[in-house]
Amino acid sequence: MITCAPDDPDDINVGIYRMQVLGPNRVIMRWLAHRGGARHHRMWQKLGRDMPVAVAIGADPATILAAVMPLPEAMNELAFAGLLRRRRTEVATGKTVPLPVPAHAEIVLEGHVSASQTAPEGPYGDHTGYYNSVEPFPVMTLSAITTRDRPIYLSTYTGRPPDEPSRLGEAMTPLFAPLARRQFPEILDLWLPPEACSYRAMVVSIDKRYPGQARRLMLGLWSMLPQFSYTKLIIAVDGDIDVRNWSDVMWALATRFDAPRDLVVVPDTPIDYLDFASAQPGLGGKLGLDATNKIGPETSREWGRVLAMTPEVTARVDAIWDELGLPGGRA
């Protein structure tokens with residue numbers, strides 16, 4: 001869905017939102033408060049005006065990825081999609097709304113989201129693996145529908161993750177990591193496990209250089225983007241840990257983590273509105289686990305050394321592996 005601010009046509013937002021059909025020309029538009037579309041809608045509401053919107057069904061992969069990425073609010077998703085495909089996004093102007101739409105989209109819906117009218121939405125099965133509660137959301141009235149010749153209707157299904165939407169999140173992570181690294185150069189890698197609804201948990205590896213660095217990074221990531229305020233668990237590890245390998249991560253937690261020292265709990269923070277585990281809607285806690293090696297004043301004990309063969313021993317084993325007739329090739 002494409003929206004813009006009422007006073008700045010360059011303030012464009014592209015996002016993926018759920019829509020429920022009410023009738024031939026009316027749908028319910030569902031979004032969460034932190035999303036760009038909801039932000040624009042609040043701006044139009046303050047003026048007492050309905051918000052023009054365009055909905056592209058069946059956009060190209062780069063545009064879809066840009067729409068789901070947690071980009072800074074000032075970054076135009078259509079421009080970012082051009083960076084992903086290394087070619088400028090081709091757009092056309094809507095027939096009945098003054099908005100850019102992907103020129104090669106299969107289907108485009110145009111219309112206005114009401115500043116005041118709502119309708120009960122749901123219940124729907126969501127990407128969390130649960131049904132949402134029925135709640136009121138704004139109503140959109142359509143003013144035009146355009147299509148390609150023989151259009152393809154692109155859709156998805158949701159269920160307990162990892163599901164199809166979580167694969168979008170999985171593809172998004174390598175694209176987002178460089179953006180996070182610009183803000184925090186010590187980040188070596190990060191992973192948003194698809195099993196954790198794509199954004200509710202994160203494992204991040206760092207080049208640790210000073211005491212308290214992991215804690216600082218956790219607090220910084222939670223504050224970096226509105227979407228990251230919904231990440232309720234962050235596990236920080238060292239660079240020798242593969243953030244995508246739970247065996248590695250669990251080993252780091254079992255050997256480098258001590259609860260009184262390494263547990264970070266932040267209560268009463270913004271949380272995913274869909275997260276019914278929080279005590280209050282939209283308000284919950286964050287948990288950080290520092291599973292990095294401890295240095296300086298972080299510990300008074302001699303820290304363990306990882307058990308590993310020396311390079312000389314490894315080279316010797318490699319040299320005689322085939323001679324020993326062992327399976328699997330060289331070590």
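This is a short group-meeting talk on one protein chain and how its two domains, cores and second largest pocket are laid out.

Okay, hi everyone. One thing up front: what you see on the screen is a predicted model.

Let's begin with the whole chain. There are 331 residues, and 45% of them are buried. The C-alpha trace spans about 75 × 50 × 35 Å along its principal axes. As for secondary structure, we have eight helices and 14 strands. If you take the contacts with a separation of 6 or more, 63% of them are between residues 24 or more positions apart.

Now the domains. The chain splits into domain 1, residues 2-147, and domain 2, residues 164-320. Their C-alpha centres are 32 Å apart. Where they meet, 19 residues of domain 1 are in contact with 18 residues of domain 2.

On to the cores. Which residues have the most contacts inside the largest nonpolar core? Those are Ile187, Met202, Val204, Leu217, Leu221 and Ile234, in a core of 27 residues. Several elements give two or more residues to this core, including helices H2 (61-68), H3 (77-85) and H4 (164-183), along with strands S10 (187-191), S11 (201-206) and S12 (233-238). Helix H5 has the largest share, with five residues. And this core takes at least three residues from each of the two domains.

Let me stay on Ile234 for a second. Skip its neighbours within four places in sequence, and Ile234 is still in contact with Met202, Val204, Met218, Leu221, Trp222, Leu287, Gly288 and Leu289. Apart from that core there is another one, with 16 residues, and among them are Met1, Ala38, Met140 and Leu142.

Ala38 takes us to helix H1, where Ala38 is one of the buried residues. The others buried in H1 are Gly36, Gly37, Arg39, His40, His41 and Trp44. What covers them? The cover for the buried residues of H1 includes strands S1 (2-5), S2 (8-14) and S5 (51-57), plus S8 and S9. After the helix comes Gly48, which has a positive phi, near 70°.

From H1, hop over to Ser114, which sits in strand S8. Is Ser114 buried or exposed? Its relative accessible area is 10%, under the 20% cut-off, so Ser114 counts as buried. Leaving out residues up to four places away in sequence, Ser114 touches His41, Asp50, Pro138 and Val139. His41 there is one of the buried H1 residues I just listed.

Last stop, the second largest pocket. It holds about 300 Å³ of space. Of its 20 lining residues, Trp31, Leu32, Ala33, Ala38 and Phe137 are the closest to the centre. The elements giving two or more residues to the lining are H1 (36-46), S8 (107-121) and S9 (135-147). Which of the elements gives the most? That's S8, with five residues. By class, the lining has 11 nonpolar residues, eight polar ones and one charged one. Domain 1 and domain 2 each put at least three residues into this lining.

So, to wrap up with one thing to look at on the screen: Ala38 belongs to the 16-residue core, and Ala38 is also among the residues closest to the centre of the second largest pocket. Happy to rotate the model for anyone.

Definitions and conventions
Residues numbered from 1 in each chain as written. Predicted model: local features only at pLDDT ≥ 70, side-chain atom pairs only at ≥ 80, totals over all residues. Heavy atoms only, no water. 1 Å grid on protein atoms, 1.4 Å probe; cavity = no way out; pocket = protein on both sides within 12 Å on 5 of 7 lines; lining within 4 Å. Points joined across faces, edges and corners; volume = space filled by probe spheres on them. Helix = DSSP H or I, 4+ residues; strand = E, 2+ residues; numbered from the N terminus. Nonpolar A, V, L, I, M, F, W, Y, C, P; charged D, E, K, R; others polar. Domains from an automatic or database assignment. Core = buried A, V, L, I, M, F, W, Y, C linked by side-chain atoms within 4.5 Å. Buried < 20%, exposed > 50% of the residue type's maximum accessible area, 1.4 Å probe, protein only. Contact = heavy atoms within 4.5 Å.
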